[in-house]
Amino acid sequence: IEMSEIPKETLALWEKYGVGEADDKESFQKSFIRHVTTTLARSVYNIDNFSAYQATAHTVRDRLIKRWNDTQQAHTEVDPKRVYYLSLEFLLGRSLDNALLNLGLKENYGEGVKELGFRMEDILDEEVDAALGNGGLGRLAACYMDSLATLDYPAWGYGLRYTYGIFQQRLKDGFQVELPDYWLNFDNPWELPRLDVTIDVKFCGTVNRYTDETGKVRHVWVNEDKDTVQAVAYDVPIPGYGTKNCINIRLWSSKPKRKFNLKRFNEGQYEQAVQEQMEAENITAVLYPNDNHMVGKELRLKQQYFWVSASLSDIVRRFKKSSKPWDEFSYQVAIQLNDTHPTLAIVELQRILVDLEGIDWDEAWKIVTNTFAFTNHTILPEAMERWPVPMVQYLLPRHMQIIFDINLFFLQAVERAYPDDRELLAKLSIIEESTPQFVRMAHLAIVGSHRVNGVAALHSELLKKTIFKDFVRYYGDEKFDNKTNGITPRRWLHQANPKLSELITEALGSKNWLKNLELLKGLKSHVDKVDFRKRWVTAKHSNKVRLAEYIKKSTGIIVNPNALFDVQVKRIHEYKRQFMNILGVIHRYNALKKLTSQERADIVPRVVIFGGKAAPGYYIAKLVIKLINSVADVINNDNSIEDTLKVVFIPDYNVSVAEIIIPASDISQHISTAGTEASGTSNMKFVLNGGLILGTVDGANIEIHEEIGDDNIFMFGNLADQVDDLRHAHRYRNIPIDPSLQAVINDIESGHFGDSRIFAPLINTITHGKDYYLISDDFQSYLDAQKLVDEAYKDKEEWTKKSILCSANMGKFSSDRAIQEYAEQIWNIDPVPAKRS
Ligand code: F58
């Protein structure tokens with residue numbers, strides 16, 4: 001209702017008793033105690049760190065809700081064009097510290113809890129991560145939400161509320177074991193259940209054709225009640241930094257529509273009576289734990305449609321509130337597809353417009369293609385989504401018809417442009433003509449979007465030259481562009497590295513760099529100041545001490561914070577080549593053993609740190625973890641090398657562990673085979689925190705190199721355009737293995753690191769598997785680059801200058817820059833600041 005319709009007296013009461021915005025220490029304490037008493041039903045006598053966390057979280061939540069409401073109110077009043085970011089993964093991590101910092105409450109609340117007998121660090125440490133994502137793609141979505149909120153864009157995220165997030169990783173005898181991540185065990189203060197916002201989602205059934213009163217052929221999709229599930233909304237508020245704006249991620253949870261099969265129950269079939277209910281709840285039960293790999297499970301397809309259907313129905317409902325004509329839809333709504341996982345949204349919107357709204361096909365299709373844009377995150381063939389036609393037909397019969405029609409009209413248009421080129425038609429077709437047929441989701445996403453982008457310059461170029469080449473030929477170059485990824489400096493520097501953040505703020509004279517990362521350039525003028533460098537080193541050192549403590553706590557291994565910390569943390573995947581890293585470690589170890597004690601005194605001691613999860617079904621990746629741990633066992637217990645080398649595998653790498661590791665790194669490794677890592681985003685986080693990187697000429701490494709300059713990065717290896725030839729050579733010619741690599745392999749095979757039979761399948765990927773990821777081809781160049789790192793680290797002053805220049809030149813990689821590009825060049829949206837009340 002309109003404000004003018006509400007009686008003045010009522011408004012006055014709301015004004016008087018409305019939730020205040022008081023952010024001072026006393027208001028915090030009052031609210032904290034109220035939550036302990038009423039929300040938690042505890043008292044001063046039985047409150048532990050966890051309850052203190054809950055009470056603090058609820059106090060912050062109250063403030064968030066206020067901002068969230070004000071933001072929604074502002075959006076409703078202005079009714080601007082909104083962007084909807086559809087992502088199957090939002091890897092948010094913890095929320096409390098982030099909210100305290102973004103809302104500017106940290107100091108007051110810190111003092112507040114102290115007086116109540118707690119330490120803020122302990123309270124923050126009680127929170128479990130929201131781990132609704134696998135890796136880069138999911139974390140990117142989280143960084144983008146932070147930037148959308150900070151820049152006041154009218155944006156919504158849409159995703160799934162998995163009951164189980166990414167599995168927790170333990171190590172047993174050096175092998176990975178997976179445990180379920182039941183993250184909702186305790187109440188989750190960072191979500192607002194909207195039990196009144198429910199949407200029915202249909203599956204299966206049949207399609208009926210009929211002719212309507214105007215003589216038009218129409219379709220209705222009908223199904224049985226038992227095949228309908230309900231989507232329930234849970235809203236996750238995302239506060240911006242230094243703004244009152246707070247946007248929303250709406251996560252859907254599945255519930256049965258029909259609660260109970262009474263007939264079955266009365267027949268005494270108790271299990272069957274609740275079976276449908278369980279099947280419905282299964283849809284959002286678990287996040288699929290694969291990174292850069294497609295699994296063709298029916299449940300996964302059900303997840304995708306469930307999410308897409310609920311989200312679109314919500315988006316369309318919001319649009320309809322404004323009573324604007326349908327041809328204005330794409331002026332009010334932009335939808336970004338985070339990879340191909342939400343591609344069915346294209347089909348669903350076409351279905352809504354044609355079947356439900358009665359709009360002509362061509363007109364509907366124009367609206368659809370003007371609405372959607374698609375981001376691709378990988379070029380690896382095994383990650384490309386394809387769904388068997390029979391499976392789609394069974395679950396979504398009407399959608400399958402529409403896909404065939406979209407394909408027919410598309411191929412007809414191609415044929416008009418390129419008559420008699422049957423090969424081109426086959427290559428572009430949305431349907432792969434195999435037995436059974438498959439739907440190629442990337443093709444559907446391209447055809448149904450007005451813009452397609454890759455996530456780093458090289459990646460976007462490779463897309464155009466390889467997998468999307470024929471589409472470029474048909475559509476022209478303009479439809480395809482690049483949006484280099486970015487990361488939020490709020491979480492990845494200000495929050496994760498408070499010491500460095502404080503130093504930077506002091507040097508630059510304000511906190512403005514947190515909203516305009518280009519201002520870091522101002523650090524350059526401090527590089528030559530001895531005192532500044534000293535403080536820079538002190539910050540890094542204290543981060544290393546913090547990580548050393550964490551390593552001791554989580555692995556029992558003691559490491560020396562004065563050693564060079566060499567880090568590779570990311571999902572374990574053959575293309576990321578953690579295997580090459582550990583082979584390099586063995587090479588180093590063998591070299592160290594040959595030295596005399598005197599010679600060893602000259603060596604820079606190293607701690608090589610690994611972390612990352614392997615997909616549970618990825619056998620080779622799991623062997624890499626085992627090899628790292630076996631090698632670590634031998635090296636860490638070999639006194640003869642006098643602590644010049646330590647190897648650590650930190651278990652259960654996740655967002656909050658990353659926040660401890662990244663600020664403590666001296667050098668980190670981003671060593672994928674050239675052309676395989678679309679962008680990488682941790683590379684940006686490390687460099688922003690003054691860590692140098694050792695990397696291949698791949699993904700965003702290339703653009704980081706461009707920004708920070710030759711002197712501040714260690715690059716090595718073959719280039720992307722050499723990869724095809726090298727692979728071809730491995731396949732058809734007998735290429736001898738690099739001698740240093742062969743020596744290392746021999747060492748493993750001799751049983752030096754335990755029963756070598758375990759590792760045979762892994763070794764075979766190089767010796768008999770044609771070395772698809774080119775470890776042998778890059779090995780010597782990798783070792784040479786490592787030598788340069790050792791040398792450079794000896795000159796501490798020079799190293800520190802490099803470290804400062806690294807941070808100083810990272811302005812480009814703020815997710816604010818990325819989001820601004822999307823907003824201006826793809827979505828066409830403007831900021832809408834919430835009113836300050
Ligand atoms: C990653 N992809 C890319 N996919 O590998 C990385 O280079 C890039 O920086 C990042 O996206 C952000 O653009 C990625 O994380 C997945 O995890 C998918 C999850 C769902 C199944 C398929 C892989």
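Trainee: How many residues of strand 4 (residues 155-160) are buried?
Mentor: This is a predicted model, where local features need pLDDT of at least 70 and side-chain atom pairs pLDDT 80 or more, while totals for chains, interfaces and linings use all residues. Residues are numbered from 1 along each chain as its sequence is written. Strands (E, at least two residues) and helices (H or I, at least four) are DSSP runs, numbered from the N terminus. Strand 4 is largely enclosed by the rest of the structure, because the number buried is six of the six.

Trainee: Which residues of strand 4 are buried on the side opposite Ala155, Gly157 and Gly159?
Mentor: "Buried" means 20 or more other C-beta atoms, placed from the backbone, within 10 Å of a residue's own (12 or fewer is exposed, in between is partly exposed). In a regular strand, side chains take turns on the two faces of the sheet. In strand 4 both faces are covered, and the other side holds Trp156, Tyr158 and Leu160.

Trainee: Which residue of strand 11 (residues 246-256) stands opposite glycine 157?
Mentor: Strands pair if DSSP finds at least two bridges between them. Strand 4 runs parallel to strand 1 (residues 82-86) over four bridges, with leucine 86 partnered by tyrosine 158. Strand 4 also pairs in the parallel sense with strand 11, over five bridges. There, glycine 157 faces isoleucine 249.

Trainee: What does UniProt list for Lys685?
Mentor: Lysine 685 sits in helix 27 (residues 682-688), and counts as buried because it has 29 C-beta neighbours inside 10 Å. The unreviewed UniProt entry gives Lys685 as "modified residue: N6-(pyridoxal phosphate)lysine".

Trainee: Which residue does both lysine 685 and leucine 688 touch?
Mentor: Leaving out residues up to four places away in sequence, lysine 685 touches Ile487, Trp492 and Ile662 (C-beta atoms, placed from the backbone, within 7 Å). Leucine 688, also found in helix 27, is buried because 27 other C-beta atoms lie within 10 Å. With that sequence limit, leucine 688 touches Pro489, Leu493, Ser807, Met810, Phe813 and Trp492. Both lists hold Trp492.

Trainee: How far apart are the end C-alpha atoms of helix 32 (residues 775-794)?
Mentor: Among the buried residues of helix 32 are Ile775, Phe779 and Tyr782, and their cover includes helix 23 (578-594) and strand 23 (692-696). The expected span is 1.5 Å times one less than the number of residues. Helix 32 has 20 residues, so at 1.5 Å a residue the expected span agrees with the distance between its end C-alpha atoms, 28 Å.

Notes
Contact = placed C-beta atoms within 7 Å. UniProt positions renumbered as here; feature names shortened; annotations may be inferred.
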